[in-house]
Amino acid sequence: MIHPKIEALVASKMLDFMIPADNVANVIDQHTLSTGLLILTQSNYTMIPVLSAESKLMGVISMSMIIKAVMTVDAIEMERLDELKVRDVMLSQPVRVQANCHLADVLNYLIDQNFVCVVDGDNRFLGIITRKNVMQRLTHLLHLTSNPGEVARLIKLFETAEAVV
């Protein structure tokens, strides 16, 4: 567990890291794989959230999932792109957190994931927290420590946190 003072120093709330849903490429679960492929290609993402028509998080889909779905042992069956739905191929249990989650949870998920989906209590998609955004924030924090007064304040904060643990 990360000490609350340190967590507050990094981010006052997890929403500080979040890219809002309106700014995240996504696909609807009822769309065909060809639509999913188009969105993935246009967005330059390797994986995107899959939503219901009501904006609930249903899963995630990647380019490799789509390619595997249309490949056979000896051919690529392109017609399957228009036959299969995104819901048929997606990963239906993606990593997700609530907006009020702890930094430690997000960091643990981001060890193995490029992003974590953020949902509300009704599973409505709110956005994503990316590994890149967290790393940028931590890098910014570390660069602030070039100020000697700031270094002293951080050392005191860490000593206080260690004393509590």
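Two strands are taken to pair if DSSP finds at least two bridges between them, and the close-up views below, all drawn from a predicted model, begin with such a pair.

**View A. Strands β2 and β3 pair side by side in the parallel sense.**
The pairing of β2 with strand β3, which covers residues 47-51, runs over two bridges. Within this pairing, Ile28 has Leu51 of β3 as its bridge partner. As general background, the strands of a sheet pair through backbone hydrogen bonds, either parallel or antiparallel.

**View B. The open sheet of three strands follows the order β2-β3-β4.**
The pairing in this sheet is mixed. Because β2 and β4 (57-62) stand at the edges and have a single partner strand each, one side of each is left without a neighbour in the sheet. Helix α2 lies across β2, β3 and β4, and its direction makes an angle of about 135 degrees with β3. Helix α3, made up of residues 63-70, lies across β3 and β4 and runs at about 75 degrees to β4.

**View C. Asp29 sits in the loop that lies between β2 (27-28) and α2 (33-43).**
Although Asp29 is buried, this residue has no salt bridge, and the nearest side chain of opposite charge, that of Arg87, is 5.9 Å away; a salt bridge would require a side-chain nitrogen of Lys or Arg within 4 Å of a carboxyl oxygen of Asp or Glu. When neighbours within four places in sequence are left aside, the residues in contact with Asp29 are Val50, Leu51, Ser52, Met58, Lys85, Val86 and Arg87. Leu51, listed here as a contact of Asp29, is also the bridge partner of Ile28.

**View D. The open sheet of four strands follows the order β1-β7-β6-β5.**
This sheet, too, is described by mixed pairing. Its edges are formed by β1 (18-20) and β5 (96-98), each of which has a single partner strand, so one side of each is left without a neighbour in the sheet. From one strand to the next, the twist averages 35 degrees. Strand β6, residues 115-119, and strand β7, residues 125-130, pair in the antiparallel sense over five bridges, and in this region Val116 stands opposite Ile129 of β7.

**View E. Cys101 and Cys117 are shown in a structure with zero disulfides.**
Cys101 counts as buried because its relative accessibility is 14%, which falls under the 20% limit for that class. Cys117, with a relative accessibility of 1%, likewise counts as buried. A search of the whole structure finds zero disulfides.

Key
Residues are numbered from 1 along each chain as its sequence is written. This is a predicted model: local features need pLDDT of at least 70, side-chain atom pairs count only at pLDDT 80 or more; totals for chains, interfaces and linings use all residues. Side-chain values use heavy atoms; hydrogens and water are left out. Buried means under 20% relative accessible area, exposed over 50%, partly exposed in between (1.4 Å probe, protein chains only). Lys and Arg count as positive and Asp and Glu as negative; His and the chain ends are not counted. Contact means heavy atoms within 4.5 Å. Axes are lines fitted to C-alpha atoms, for helices over the stretch in contact, and angles run from 0 to 180 degrees between N-to-C directions. A disulfide is a pair of cysteine sulfur atoms within 2.5 Å.
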